[in-house]
Each structure stands twice: as C-alpha cells, then as structure tokens.
Amino acid sequence: MKLTISSVCLSVLLASLAVSAAPLQARGNGRNKGKKMMMPGAKSPLGNTVGAAYFITNEPSGNFVVAASVGSDGKLTLRQATSSDGIGSHGQPGTGPDPLFTQGAVKASAAGNIVATVNAGSNTISVFDIDPTNPTNLNMIGDPIGSGGEFPVSLAINKAGNMVCALNGGAINGVACFSVDKTKGLSSVPNTVRSLNLNQTTPATGPAGSASHVIFSEDGTKLIASVKGIPPTPGILAVWDVAADGSLSQDFQAVQPATGGLLPFSMTVIPGKNAVLATDAGIGADVFDFNAPAASGVAAGKSSTLPIAGQGATCWSSFSPETGNFYVTDIDTSQITEINVDDNLKPTIVTQYPQGNGTATIDNDIATVGAKDFMYVLAANATQVKVLSLNAPGQAAALQTVDIAGPAKAAGLTINAANLQGMTSFIKKA
C-alpha cells in the first residue's frame with residue numbers, strides 16, 4: 001500500500017489484459033499441505049479461551065493462517081499456524097505493507113464454525129473447520145478451490161455460514177461464490193461468477209483502480225464489492241442481487257460515493273439502516289445510503305463523505321456493537337479514528353488513538369467478549385497485533401501489544417512485514 005494519498009493518486013494501471021469470467025483450476029503448493037507450526041504460546045493453558053483471532057502470512061513460499069487464542073480478558077496468545085496449501089502474492093508495485101490492497105483476506109464465521117482464506121498467488125481459496133474446544137486448531141476441509149478468477153483478495157461469508165464469496169482483483173476479476181460442505185469442502189454455486197470488467201493485471205496494480213472488499217448486505221439480499229477509483233475519477237460499489245438459491249444477478253449496479261469520495265476501500269454495515277460506512281483513502285470515509293435510488297450512478301439519499309484531517313490512507317474499518325461506533329485505521333499515520341454515525345446517517349469523528357509512528361496499522365476486527373468489545377489491529381510494519389479495550393464511546397484504551405516476529409521465528413514460520421494481511425475473529429457461541 002502506498003503510504004500517502006499523493007502517491008495513491010499517482011498510481012495508474014499498467015497494460016490491459018483480456019477479462020474473462022471462467023473459473024480457474026485449483027492448485028495447492030503441495031509442499032505444506034496439512035502442515036501446522038506450534039507457536040510458543042501453544043504451551044499455555046486453554047482454560048479461559050473464548051475464541052480466536054486470525055491473520056495470514058501471505059508468503060509466496062507458502063501461505064499460513066496464524067491463529068491466536070482470545071482469552072476472557074480479550075487478550076491474545078499466539079498458538080498455531082496452519083498451512084492453507086496455497087501461496088501468497090504481492091500487488092504491484094511489490095513493496096510495502098497491505099500487499100493485496102484489501103480488507104477481508106481471511107474471514108471467520110461462528111455460525112458455520114469455519115475460517116476461509118484467499119491464496120492470492122495460487123488463485124485459490126481454502127476453508128477450515130474450527131475446533132470449538134481449541135479455536136486455534138484449524139483443519140482444512142477438502143482441498144483449495146479455484147477462486148473463479150485471478151488474484152483473490154477478499155472473502156465474504158453469509159449469515160448462515162454455508163456460502164463463501166470471493167473477490168478476485170487480477171486480470172480475471174469479479175466475484176464467485178461457493179457452498180460449504182463440512183466433509184467435502186467448497187463447491188461452486190451456479191450462476192455466481194460475475195465480472196467487474198476492470199482493466200487490471202495479475203498481480204493487481206494499485207492501490208488506485210483495484211478491487212478492495214466484498215461483503216453481504218445486512219439482510220443478505222445483496223453482494224457488494226468495492227473498487228477504488230483512479231483520481232480524479234471516483235471508485236464505485238458494485239451491487240449484485242442475491243437470489244434465494246444463492247445465484248447472483250447477471251449485472252451489477254454501480255454506485256459512486258457522494259461528492260468528494262474517491263477511493264472506497266473497506267465496507268462495514270451500518271446496523272438497521274440499509275447503509276454502509278466505507279473507508280476512503282482520498283478523503284477519510286464515505287456513507288452509502290441504499291434506501292434511496294442512486295441518481296445518475298451517484299449514491300443518493302443520506303449519503304455523504306467524512307473528511308479526516310491529516311489522514312494519509314484510511315482503508316480498514318470495523319463496528320463495535322457495545323459502543324455503537326465505527327473504528328477505522330490509517331496505514332500512513334498509524335492512527336485509529338473512532339466515528340459515530342447517527343440515526344440520520346450523519347458521520348462525525350469522536351476521537352483518535354495513535355498507535356506509534358511507522359507501525360502501519362492495516363486490517364482490524366472487533367470481537368465481543370461477554371459484554372465488552374475488543375479491537376484487534378494488524379500493525380504490519382512493526383510485525384505486531386495491537387489490542388484495544390473499547391471501554392465506552394470515546395474511551396478505547398491500549399490493552400496489549402502482541403509480537404509476531406519472535407514467536408514466528410521460534411516456530412520456524414516465515415513472515416515478512418510487507419506480506420502480512422487480514423484480521424478476523426471468532427467467538428464461541430455461549
């Protein structure tokens with residue numbers, strides 16, 4: 001990820017390649033299939049474990065899902081890394097953190113008791129069963145499956161936890177969805193391979209002009225993918241209808257952000273509003289209101305933008321049910337910004353939390369443990385996970401800093417700060 005908005009705005013797409021919607025043949029790397037590496041924390045007791053947090057190494061030599069247990073106090077203990085039987089990749093240009101220009105590279109579902117990950121260098125996705133007695137112990141279900149395109153970067157799992165949709169960001173780009181069989185693994189859902197028709201490369205060139213994130217709408221009737229613009233041309237949200245059988249509408253509706261929006265990146269549902277908050281490295285954040293029809297392709301109704309003064313590249317977001325606020329991270333300033341969205345969909349900044357210059361805060365997720373929320377932030381440059389306790393609106397506090405490099409070295413696990421990606425959490429059902 002380029003670390004300043006000026007460099008984001010200067011990013012351009014390279015050579016054009018033909019776009020096709022045909023799925024690709026799945027292929028794993030073979031060398032690491034079924035391999036698990038135990039971290040030093042694996043020796044500590046599991047007694048107070050209530051769930052787990054996951055991110056990926058995204059290494060070209062072999063992608064691993066790294067799992068940390070979540071204690072009843074919200075703190076993390078790194079325990080195990082499990083091979084995805086795939087390989088990672090890095091977008092072009094090939095330096096710096098945020099290698100996939102994305103949110104949602106790894107995704108967990110408590111309803112389905114699964115974790116799914118992209119393998120950007122293999123053009124595949126993998127799915128794992130979660131051991132409820134030890135959520136850091138993952139077991140692959142079936143084999144990796146072709147992602148329906150090239151350079152898969154983001155995943156969405158439906159509420160039931162039985163369908164996974166992949167967003168492909170390479171030369172063959174778009175979405176494709178898969179049903180989950182807990183014995184056989186993933187299989188393609190008919191009529192779900194849909195193209196975004198982007199003039200892209202494999203690996204993708206970005207951040208500008210690249211696909212970013214895929215989510216389901218709150219009611220599950222829409223599949224939404226975000227695509228960053230190439231300033232001064234704004235990006236879009238691509239919205240497909242989801243039928244009862246899981247199939248997608250043939251074409252998507254392209255919705256641009258309100259005036260000022262440029263680079264919609266991550267998307268987080270605004271509960272009960274048929275709307276989403278999207279981070280935007282061009283300004284700060286965008287609110288998309290889907291209750292009103294789009295006017296000339298531009299988000300209408302109560303849609304708006306929220307400038308974040310001094311922001312560099314605000315790209316990742318999550319929502320706290322307990323505080324009722326959104327939390328976004330900036331890779332350039334290494335700052336977390338807390339945002340409130342009121343009943344009229346008006347966004348305002350609550351406060352900000354610096355996480356240390358140069359730590360490059362990227363992917364994040366929020367988990368509810370008991371009646372309290374905790375935020376887990378991947379600080380890629382520092383090879384750390386930052387843990388914050390969200391005590392009340394405007395009162396987040398640093399709880400823990402988890403070193404990744406030391407435990408990885410002790411386990412013999414290859415990591416590179418420029419390749420680390422993703423953050424998702426799983427909390428056991430009560």
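Pro207 sits in the loop that runs between β14 (194–195) and β15 (211–216). In this predicted model, the peptide bond leading into that proline from Gly206 is cis, with omega near 10 degrees. A second cis bond turns up from Pro231 to Pro232, this time with omega near 15 degrees. Pro232 is again a loop residue, found between β16 (222–227) and β17 (236–241). These bonds are worth a look because most peptide bonds are trans.

Backbone angles pick out a couple of asparagines too. Most residues other than glycine have a negative phi. Asn58, however, has a positive phi of about 55 degrees, and Asn274 has a positive phi near 50 degrees. Asn58 belongs to the loop between β2 (49–56) and β3 (64–71), while Asn274 is in the loop between β19 (264–270) and β20 (275–280). Their surroundings can be told apart by accessibility: Asn58 is at 1% relative accessibility and so counts as buried, the cut-off being under 20%. Asn274, with a relative accessible area of 36%, is partly exposed.

Stepping back to the whole chain, there are 2 helices and 31 strands. The C-alpha trace spans about 60 × 50 × 40 Å along its principal axes. Of the 430 residues, 60% are buried. Among contacts with a separation of 6 or more, 58% come from residues 24 or more positions apart. As for the outside, the chain exposes about 14,800 Å², and carbon and sulfur atoms supply 52% of that area.

What fills the inside? The largest nonpolar core has 53 residues, and those with the most contacts inside it include Tyr54, Ile125, Val164 and Leu223. Leu223 gives a good feel for the packing: leaving out residues up to four places away in sequence, it touches Ala156, Cys165, Val175, Cys177, Val214, Ile215, Phe216, Ala238, Val239, Trp240, Val242 and Leu248. There is also a second, separate core of 37 residues, with Cys315, Val385, Ile404 and Leu413 among its members.

Turning to charge, the chain carries 24 positive and 27 negative side chains, and the centres of the two sets lie 7 Å apart. The count of salt bridges comes to 3. One of them joins Asp129 to Lys182, with the closest N and O atoms 3.0 Å apart. This pair links distant parts of the chain, 53 residues apart: Asp129 is in strand β7 (residues 124–131), and Lys182 is in the loop between β12 (173–181) and β13 (185–188). Asp129 is partly exposed, with a relative accessible area of 26%, and Lys182 is partly exposed as well, at 41%.

Another salt bridge pairs Asp241 with Lys222, where the closest N and O atoms are 2.3 Å apart. Asp241 lies in strand β17 and Lys222 in strand β16, so the bridge ties together parts that are 19 residues apart in sequence. Here too the side chains belong to partly exposed residues, with relative accessibility of 38% for Asp241 and 30% for Lys222.

The remaining pair is Lys273 and Asp343, whose side chains meet at 3.8 Å, N to O. Lys273 is in the loop between β19 and β20, whereas Asp343 is in the loop between β25 (335–341) and β26 (347–354), which puts the partners 70 residues apart. Lys273 counts as partly exposed at 24% relative accessibility, but Asp343, at 61%, counts as exposed because the cut-off for that label is over 50%.

Conventions
Residues numbered from 1 in each chain as written. Predicted model: local features only at pLDDT ≥ 70, side-chain atom pairs only at ≥ 80, totals over all residues. Heavy atoms only, no water. Helix = DSSP H or I, 4+ residues; strand = E, 2+ residues; numbered from the N terminus. Buried < 20%, exposed > 50% of the residue type's maximum accessible area, 1.4 Å probe, protein only. Contact = heavy atoms within 4.5 Å. Areas by Shrake-Rupley, 256 points an atom, 1.4 Å probe, with all protein chains shown as cover. Lys, Arg positive; Asp, Glu negative; His and termini not counted. Charge placed at Lys NZ, Arg CZ, Asp CG, Glu CD. Core = buried A, V, L, I, M, F, W, Y, C linked by side-chain atoms within 4.5 Å. Salt bridge = Lys/Arg side-chain N within 4 Å of Asp/Glu carboxyl O.
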